Amino acid sequence: MRLLVVEDEMQLADALTEILKRNKYAVDTAYNGNDGLDCALSGVYDCIILDIMLPGMNGIEILRNIRNEKLSTPVLLLTARSEVEDKINGLDCGADDYLTKPFVTGELLARVRALTRRKGDIFDENKMSFNSLELNKSSCSMSFSGNDVKLSLKEYQIMELLIANPHQILPKERIIEKIWGYESDVEYNNIEVYISFLRKKLNAIGADTQIKTARGIGYSLE
Ligand code: CA
């Protein structure tokens, strides 16, 4: 999953980014309002963590712009204790939740998990599954009928994206945007390499799940 952090206090922004990355999210960071809006409008994020007081465009204006563009990306506002009006305003403008600074990281992670949870998911933060194939976040592995295999972080992130969109063709372009970021210079053959690793690993654990190639477009989980 890909997250955007928009926060001008550089130390806080970098600390948040680091913590989120350690929790296996792909993260982009913007340190001012204008960069934040540019990133947000790309539409590739699963959640945006948005500070209100920002140089350039403030968080509320960014939020308004995002919603005007009909983007429904979940937004978690970061507010100072004194910004009560902004909190109300933010929720009225389409924020999904807010967190008052200072906060403990456990709470931030829980809120991000809640905002990115798929509707109808069975509640287990650590596991995703597709038929009998299980993807395990804390051990960064996947398993099938008692067989386990470790995944690299990128393999995990690709598998997570495929399982979140089963039976749908995911264009390579979209995989790059989600995993590496929309400004990355990763090429299609990098993805092909990761997909071939994943196929070997699926084979190794005897999984009946296949990553199918849609020629010239991308991949789907079947
Ligand atoms: Ca700020």
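# A tour of two domains and a calcium site

Start with the whole chain: the domain assignment splits it into domain 1 (2–116) and domain 2 (127–221). Keep in mind that this is a predicted model. Colour the two domains separately. Their C-alpha centres lie 27 Å apart. Now show the contacts between them: 12 residues of domain 1 touch 12 residues of domain 2.

**Stop 1: strand β1**

Select residues 2–6, which form β1. Five of the five residues here are buried, so β1 is largely enclosed by the rest of the structure. Turn on side chains. R2, L4 and V6 point one way, while L3 and V5 point the other. In a regular strand the side chains alternate between the two faces of the sheet.

Next, add β2 (26–30). β1 and β2 run parallel and share five bridges. Find L4 in β1; what stands opposite L4 in β2? The partner is D28.

**Stop 2: D28**

Stay on D28, in strand β2. Is D28 buried or exposed? D28 is buried, at 19% relative accessible area, because the limit for buried is under 20%. Show its contacts, leaving out neighbours within four places in sequence. R2, L3, L4 and V5 appear, together with Y45 and G181. G181 comes back later in the tour, just after α7.

**Stop 3: A40**

Select helix α2 (residues 33–40); A40 lies in it. A40 is buried, with a relative accessible area of 1%. Beyond its neighbours within four places in sequence, A40 is in contact with L4, Y45, I48, I66 and L71. Y45 also appears in the contact list of D28. Draw a distance from A40 to L50, C-alpha to C-alpha. The two are 10 residues apart in sequence and 10.0 Å apart in space.

**Stop 4: the calcium ion**

Select the calcium ion. Which residues coordinate the calcium ion? They are D8 (OD), D51 (OD) and M53 (O), at 2.1 to 2.3 Å. The donor spacing in sequence is D-x42-D-x1-M. The pair D8 and M53 links distant parts of the chain, 45 residues apart. D8 sits in the loop between β1 (2–6) and α1 (10–22). M53 sits in the loop between β3 (47–51) and α3 (59–68).

Now check accessibility at the site. D8 is partly exposed, at 29% relative accessible area. M53 counts as exposed, at 53%.

**Stop 5: the cysteines**

Select the cysteines. How many disulfides are there? The count is zero. Take C93: its closest cysteine sulfur belongs to C47 and is 17 Å away, too far for a bond. C93 counts as buried, at 17% relative accessibility. C140 is buried as well, with a relative accessible area of 11%.

**Stop 6: M128 and strand β6**

Move to domain 2, which spans 127–221. Select β6 (residues 127–130) and pick out M128. M128 is buried, with a relative accessible area of 14%. Draw a line from M128 to A164, C-alpha to C-alpha. They are 36 residues apart in sequence and 8.3 Å apart in space.

**Stop 7: the three-stranded sheet**

Show the open sheet with strand order β10-β12-β11; its pairing is antiparallel. The edge strands are β10 (170–171) and β11 (211–214), each pairing on one side only. Add β12 (residues 218–221): β11 pairs with β12 over four bridges. Look for A214, which stands opposite G218 in β12.

Then bring in helix α6 (residues 153–164), which packs on the sheet. This helix touches β10, β11 and β12. The direction of α6 makes about 65° with that of β12.

**Stop 8: helix α7**

Finish on α7 (residues 172–179). Which residues of α7 are buried? They are K172, I175, I176, K178 and I179. Show what covers them. The cover includes α6, β10 and β12, seen at the previous stop, along with α8 (188–204). It also includes β1 and β2, from the opening stop.

Step past the end of the helix. Just after α7, G181 takes a positive phi of about 100°. G181 is also one of the contacts of D28.

Conventions
Residues numbered from 1 in each chain as written. Predicted model: local features only at pLDDT ≥ 70, side-chain atom pairs only at ≥ 80, totals over all residues. Heavy atoms only, no water. Donors = N, O, S within 2.8 Å, 3.2 Å for Na, K, Ca; no water. Helix = DSSP H or I, 4+ residues; strand = E, 2+ residues; numbered from the N terminus. Buried < 20%, exposed > 50% of the residue type's maximum accessible area, 1.4 Å probe, protein only. Pairing = 2+ DSSP bridges. Contact = heavy atoms within 4.5 Å. Axes fitted to C-alpha atoms, helices over the stretch in contact; angles between N-to-C directions. Disulfide = S-S within 2.5 Å. Domains from an automatic or database assignment.
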